[in-house]
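Here are my notes on the model you sent, set out as numbered points. Please read them with the structure open beside the text.

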Amino acid sequence: MEVNHHIALDLLRKANNQETASAIFTEKILHKPLHLRPTSPDPNHQDARAHRRLQRLRKKEKARRRQKPKPLSAKEKRMTGIYEISKETQNYDIYVPLYQMWLGYIWEILGMVTGKQTWVTAQAAGAKLASADFHGAKLMVVRSKCVSTVGLKGIVVRDTKFTFKIITEKNELKTIPKTHTIFRFRIPQPDAATEVPEPEETKDIPDDGMGTSALIFELHGSSFEHRAIDRATKKFKQRNMTEL
């Protein structure tokens, strides 16, 4: 096919002779193959819409896995009763192993080692005990504005912001407010095996079955109104006790 008037041919003739320009024009322009996409979709490939939908679902699933589970609300906790202690589990003997675990935990905090004498001072131990967890501790009420709670003792099964819930030796669940209440607890020595005569200054301290070689601490509930998880990261400062 002869084409005499074409802009590309005219430009080629200016740079080349007649035969070379015609050969280049015929090979590169007239006979250049034109590749067309097939009008029918390939059955091996998914539809574009379905592919986009699958990508959205995968992205949503990935975001859901990264997202932290939503915590239960206070209403949901009350409805499920996850913090309730049933009558069947209100047994003192069930929580004795918990108390033994707590002793190992508190010994480690205070650096008390079996077979080695450890000096524990009030100034050094105070900050450690203030941020410690008291689930499993054996507490006794020594002073309180609510006189009916004085003398109660048992193992702590729940430490809330304003109360201690304890199981007594009579298998009773008691809720004791921290406000205007002073608790006493003893930490026996890891290797205490012999009885030591009780000193005169501790004669009036009621015995709670832990022996006389135990370390004795008093806990002022009004200054202890924090959850256990909050006390672990809280820094306590020394203050005057106006209630004393």
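1. Around the second largest pocket, the lining draws at least two residues from each of α4, β2 (153-159) and α7 (228-231); helices (H or I, at least four residues) and strands (E, at least two) are DSSP runs numbered from the N terminus. The pocket holds about 490 Å³ of space, where a volume is the space filled by probe spheres set on grid points that are joined across faces, edges and corners. Its lining counts 18 residues, and those nearest the centre are Lys-77, Tyr-83, Arg-158, Thr-160 and Arg-227. A pocket is here an open set of points on a 1 Å grid over the protein atoms alone, where a 1.4 Å probe fits and protein lies on both sides within 12 Å along at least five of seven lines, and lining residues have an atom within 4 Å of a point.

2. Before going further, the basis should be stated: this is a predicted model, in which local features need pLDDT of at least 70 and side-chain atom pairs count only at pLDDT 80 or more, while totals for chains, interfaces and linings use all residues. Residues are numbered from 1 along each chain as its sequence is written, and side-chain values use heavy atoms, with hydrogens and water left out.

3. By character, the lining of the second largest pocket divides into eight charged, seven nonpolar and three polar residues. In this division Ala, Val, Leu, Ile, Met, Phe, Trp, Tyr, Cys and Pro count as nonpolar, Asp, Glu, Lys and Arg as charged, and the others, Gly among them, as polar.

4. As for the overall fold, the protein has seven helices and six strands, and from the N terminus on their order is α-α-α-α-α-α-β-β-β-β-β-β-α. Of the 244 residues, 27% are buried, where buried means under 20% relative accessible area, exposed over 50%, and partly exposed in between (1.4 Å probe, protein chains only).

5. Tyr-83 deserves a look from two sides, since this residue is among those nearest the centre of the second largest pocket and also belongs, with Leu-72 and Ile-82, to a nonpolar surface patch of about 290 Å² accessible area together. Tyr-83 sits in the loop between α4 (74-80) and α5 (96-110), and its relative accessibility of 43% makes it partly exposed. Patches are made of residues with over 30% relative accessible area and no salt bridge, like charges being joined within 9 Å and nonpolar side chains (Val, Leu, Ile, Met, Phe, Trp, Tyr) within 5 Å; the accessible areas come from the Shrake-Rupley method with a 1.4 Å probe.

6. Arg-227, another residue listed nearest the pocket centre, is placed in the loop between β6 (215-220) and α7 and is partly exposed at 43% relative accessible area. Its C-alpha atom is 5.4 Å from that of Thr-160, although the two residues are 67 residues apart along the chain. His-226 lies in the loop between β6 and α7 and is partly exposed at 23%; the C-alpha atoms of His-226 and Asp-159, 67 residues apart along the chain, are separated by 8.9 Å.

7. Which residue forms a salt bridge with Asp-159? The partner is Lys-178, with the closest N and O atoms 2.9 Å apart. Because Lys-178 lies in the loop between β4 (173-177) and β5 (181-187) and Asp-159 in strand β2, the pair ties together parts that are 19 residues apart in sequence. Both Lys-178 and Asp-159 are buried.

8. The whole structure contains six salt bridges, each defined as a side-chain nitrogen of Lys or Arg within 4 Å of a carboxyl oxygen of Asp or Glu. Glu-61 and Arg-64 form one of them, with closest N and O atoms 2.6 Å apart; being three residues apart in helix α3 (residues 48-66), they are separated by about one helical turn. Glu-172 and Lys-174 also meet in a salt bridge, at 3.7 Å from N to O, and here Glu-172 is partly exposed at 35%, as is Lys-174 at 29%. Salt bridges that share partners also join Glu-61, Arg-64 and Arg-65 into one network.

9. Two backbone angles merit a check. Most residues other than glycine have a negative phi. Asn-171, in the loop between β3 (163-168) and β4, has a positive phi of about 60° although it is not a glycine, and His-180, in the loop between β4 and β5, has a positive phi of about 55°. Asn-171 is partly exposed at 35% relative accessible area, and His-180 is partly exposed at 34%.
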